[in-house]
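Me: I have a list of questions for this model. Keep the answers brisk, please.

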Amino acid sequence: MSSYPRALLRALLPVPLLIPLAACGGSPAAQDAKATAGAAPGFPYSVTNCGVTSTYQAPPRRAVAMNQHATEILLALGLEGKTAGTAYLDDAVLPAYRPAYDKIKVLAKEYPSREVLLGANPDFVYGGYSSAFDKAQGRDREQLAKSGINSRLSVEYCTQGKVGLDQLRTEITEVARTFGVPERGERLIADEQRRIDAVTARVKDKGRPAVFVYDSGEASAFTSGGNGIGNEIVSLAGGTNVFADLQDTFGDVSWEKVIERKPEVVLIYDYGGTTVEAKKQRLLKDPALAQVPAIRNQRFVVLPLSSAVLGVRVADAVESLGARLHPDAA
């Protein structure tokens with residue numbers, strides 16, 4: 001897996017999962033959880049996530065978060081003490097969560113092997129991208145369930161159609177409920193909504209600049225489509241994603257299409273080994289793009305990739321992008 005470009009990992013479509021599973025025994029961690037089930041109010045709890053139904057007899061005690069935004073949701077809910085391992089950062093963990101993050105074992109720089117994952121003795125595995133549950137690597141949800149391990153995939157990667165704040169509420173609510181801390185989830189959602197509402201109120205009467213999201217790509221452009229939370233972030237911040245009609249979370253488009261749609265702003269996702277400056281130079285040095293308004297006027301905006309996925313940074317991203325698209329409304 002480590003040789004896969006990160007953009008490709010995000011583009012991988014989820015395998016349809018319609019398998020009712022109840023991973024209620026098998027791993028030592030799961031057996032420990034069952035032993036204390038009687039002390040957990042609100043349990044058993046059943047939830048269907050991305051086609052997989054799981055029944056929790058008690059809150060997970062040894063979670064493993066496979067991606068950064070999954071990790072940050074757990075940390076935002078104060079669940080570092082229930083987290084046995086993390087993996088695959090896209091960029092730096094939010095400073096507010098760094099002390100808690102540093103107490104958790106990092107299983108792998110990218111995805112852990114099946115052996116390393118099972119070696120952490122998890123009772124819950126949380127994936128932010130469908131690639132976290134790669135069947136070819138032996139980490140698919142069905143196999144984990146057979147080992148007595150429950151799992152969750154971010155709903156961004158199984159929602160049919162557009163992903164927005166409803167899905168963010170679902171994600172946080174269900175994770176908080178799974179761990180028996182629903183009140184923490186409610187507080188987190190309320191804070192996100194309050195901050196987003198403040199931005200949308202400031203920009204509601206402003207013009208909506210056309211925004212091209214540049215994730216990566218040379219021969220073609222890998223960009224944000226209309227189905228992901230990235231598209232919703234652009235909209236809430238007072239812009240219009242020029243590829244909102246691309247019916248996917250991410251996807252490749254031709255440079256000819258970029259030219260044709262005349263974006264006024266380029267939003268660059270910052271992650272991995274290619275610097276923001278290298279991405280800017282890729283755009284600025286392409287003669288074919290010279291007359292694109294955003295390129296001609298060098299109007300670039302940058303967000304860390306971890307802000308553009310379904311996690312606790314959605315409000316951060318809306319605030320940051322809104323201030324750049326509409327500085328007079330900040």
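Me: How does Asp316 count: buried, partly exposed or exposed?

Reply: The model is predicted, so local features need pLDDT of at least 70 and side-chain atom pairs count only at pLDDT 80 or more, while totals for chains, interfaces and linings use all residues. Buried means under 20% relative accessible area, exposed means over 50%, and partly exposed lies in between (1.4 Å probe, protein chains only). Asp316 has 26% relative accessibility, so Asp316 counts as partly exposed.

Me: Which residue forms a salt bridge with Asp316?

Reply: Residues are numbered from 1 along each chain as its sequence is written, and side-chain values use heavy atoms, without hydrogens and water. A salt bridge is a side-chain nitrogen of Lys or Arg within 4 Å of a carboxyl oxygen of Asp or Glu. Here the closest N and O atoms are 2.3 Å apart. The partner of Asp316 is Arg195.

Me: How many residues apart are Arg195 and Asp316?

Reply: Helices (H or I, at least four residues) and strands (E, at least two) are DSSP runs, numbered from the N terminus. Arg195 is in helix 8 (residues 182-203), while Asp316 is in helix 13. The pair links distant parts of the chain, and the separation is 121 residues.

Me: Is Arg195 buried or exposed?

Reply: Arg195 belongs to the network that shared salt-bridge partners make with Asp191, Arg194, Asp316 and Glu319. Its relative accessible area is 16%, so Arg195 is buried.

Me: Which residue meets Arg313 in a salt bridge?

Reply: Arg313 sits in the loop between strand 13 (300-304) and helix 13 (314-325). Its partner is 222 residues apart, in the loop between strand 4 and helix 4 (98-101). Both residues count as buried, Arg313 at 5% relative accessibility and the partner at 18%. The N to O distance is 4.0 Å, and the partner is Asp91.

Me: How does Asp328 count: buried or exposed?

Reply: Asp328 meets Lys206 in a salt bridge, 3.1 Å from N to O. Lys206 counts as partly exposed at 31% relative accessibility. Asp328 has 58%, so it counts as exposed.

Me: How many salt bridges does the count come to?

Reply: Side chains of opposite charge can pair when their charged atoms come close. One such pair is Lys206 and Asp328, 122 residues apart. By the 4 Å rule the count comes to 15.

Me: Which helix gives the most residues to the largest nonpolar core?

Reply: A nonpolar core is a set of buried Ala, Val, Leu, Ile, Met, Phe, Trp, Tyr and Cys residues joined through side-chain atoms within 4.5 Å. The largest has 79 residues, and Val314 and Leu321 are among those that touch the most other members. Six of its residues come from the top contributor, helix 13.

Me: How many residues are in the other core that lies apart from it?

Reply: Tyr214, Trp255, Val266 and Phe300 are among its members. Its residue count is 18.

Me: What angle does helix 13 make with strand 13?

Reply: Strand 13 is an edge strand, as is strand 10 (240-241), in an open parallel sheet with the order 10-8-12-13. Strands pair if DSSP finds at least two bridges between them. Helix 13 packs on this sheet, in contact (heavy atoms within 4.5 Å) with strand 8, strand 12 and strand 13. Axes are lines fitted to C-alpha atoms, for helices over the stretch in contact, and angles run from 0 to 180 degrees between N-to-C directions; this one is about 175 degrees.

Me: What is the strand order of the five-stranded sheet?

Reply: This sheet is open, with parallel pairing. Its edge strands are strand 5 (106-108) and strand 7 (150-153). Helix 7 (residues 165-178) packs on it, touching strand 6 and strand 7. The order is 5-4-3-6-7.

Me: Within what arc do the buried residues of helix 11 fall?

Reply: In helix 11 (residues 276-284), Val276, Lys279, Arg282 and Leu283 are buried. Their cover includes strand 8, helix 10 (255-261), strand 12 (265-270), helix 12 (293-296) and strand 13. The arc is that of the directions from the helix axis to the C-beta atoms. The buried residues line one face of helix 11 because they fall within an arc of 120 degrees.
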